[in-house]
Amino acid sequence: QVRLVESGGGLVQAGDSLRLSCAASGSIFSINDMGWYRQSPGKQRELVATITSGGSTNYADSVKGRFTISRDNAENTVYLQMNSLKPEDTAVYYCYAQHIVGPGSTYPYWGQGTQVTVAS
């Protein structure tokens, strides 16, 4: 099993920055991709950014150029640096980890979520 604990959310003004952190514990040797998703009221959970164990990244178009995902494999932690925040970035942000169960088989783990609120 994998446990994910997020931190760093809060209330900020438009244009401000925040950094989210997500620390993984448990069966961390079997984690492949990690990332961040977010969910606003009345909307489906959507991808924000992901990063592979080798460091390759993927971003939603809405955050490209403003958000940066990074990963410290030694500390088993993934970060999301969010700059130039907009009110539409307001959401609960969830950390994600892809756990390798076996050959060709994975299982997703999720953190408890951290609220990010951007005031206009």
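A salt bridge here is a side-chain nitrogen of Lys or Arg within 4 Å of a carboxyl oxygen of Asp or Glu. By that yardstick, the structure holds four of them. Keep in mind that this is a predicted model. What you're looking at is a protein with eleven strands and zero helices, and the points below go from the overall build to the charged pairs and then to a few residues in the strands.

**The overall build**

- Reading along the sequence, you meet β-β-β-β-β-β-β-β-β-β-β. The radius of gyration is 14 Å, close to the 14 Å that the globule rule gives for 120 residues, so the protein is as compact as a globular protein of that length.
- Along the principal axes, the C-alpha atoms fill a box of roughly 45 × 25 × 25 Å.
- Of the 120 residues, 42% are buried.
- Take the contacts between residues at least 6 apart in sequence: 54% of these join residues at least 24 apart.
- The exposed surface comes to about 6200 Å², and carbon and sulfur atoms supply 47% of it.
- On the charge side, there are 9 positive and 9 negative side chains, with the centres of the two sets 3 Å apart.

**The salt bridges**

- Asp 89 pairs up with Arg 66, and their closest N and O atoms are 2.7 Å apart. This pair links distant parts of the chain: Asp 89 sits in the loop between β8 (77–82) and β9, while Arg 66 sits in the loop between β6 (57–59) and β7 (67–72), 23 residues apart.
- Are Asp 89 and Arg 66 buried or exposed? Both of them are buried.
- Salt bridges that share partners tie Arg 38, Glu 46, Arg 66 and Asp 89 together in one network.
- Within that group, the side chains of Glu 46 and Arg 38 meet at 2.7 Å, N to O. Arg 38 has a relative accessible area of 5%, so it counts as buried, the limit being under 20%. Glu 46 is partly exposed at 37% relative accessibility, because that value falls between the 20% and 50% cut-offs.
- Another salt bridge brings together the side chains of Lys 64 and Asp 61, at 3.1 Å, N to O. Asp 61 is exposed, with a relative accessible area of 67%.

**Three residues in strand β9**

- Strand β9 covers residues 91–102, and Gln 98 has its place there. His 99 lies in β9 too, and so does Tyr 94.
- How buried or exposed is Gln 98? With a relative accessible area of 15%, Gln 98 is buried. Setting aside neighbours within four places in sequence, Gln 98 is in contact with Ser 30, Ile 31, Asn 32, Asp 33, Thr 106 and Tyr 107.
- His 99 has a relative accessible area of 11%, so it's on the buried side of the 20% limit. Beyond its neighbours within four places, the contacts of His 99 are Gln 1, Val 2, Ser 27, Ser 30, Ser 105, Thr 106, Tyr 107 and Tyr 109.
- Tyr 94 is buried as well, at a relative accessible area of 14%. If you skip residues up to four places away in sequence, Tyr 94 touches a list of residues including Glu 6, Trp 36, Gln 39, Arg 45, Trp 110 and Gln 112.
- How far apart are Tyr 94 and Glu 6 in sequence and in space? They're 88 residues apart in sequence, yet 7.7 Å apart in space, C-alpha to C-alpha.

**A residue in strand β7**

- Ile 69 lies in strand β7. At 4% relative accessibility, Ile 69 counts as buried.
- Which residues does Ile 69 contact, leaving aside its neighbours within four places in sequence? Among them are Met 34, Trp 36, Ala 49, Ile 51, Tyr 59, Val 78 and Leu 80.
- Ile 69 and His 99 are 30 residues apart in sequence, and their C-alpha atoms are 19 Å apart in space.

Conventions
Residues are numbered from 1 along each chain as its sequence is written. This is a predicted model: local features need pLDDT of at least 70, side-chain atom pairs count only at pLDDT 80 or more; totals for chains, interfaces and linings use all residues. Side-chain values use heavy atoms; hydrogens and water are left out. Helices (H or I, at least four residues) and strands (E, at least two) are DSSP runs, numbered from the N terminus. The radius of gyration is taken over C-alpha atoms; the globule rule is 2.2 Å times the number of residues to the power 0.38. Buried means under 20% relative accessible area, exposed over 50%, partly exposed in between (1.4 Å probe, protein chains only). Contact means heavy atoms within 4.5 Å. Accessible areas come from the Shrake-Rupley method with a 1.4 Å probe; for residues, only the protein chains shown count as cover. Lys and Arg count as positive and Asp and Glu as negative; His and the chain ends are not counted. The place of a charge is taken as NZ of Lys, CZ of Arg, CG of Asp or CD of Glu.
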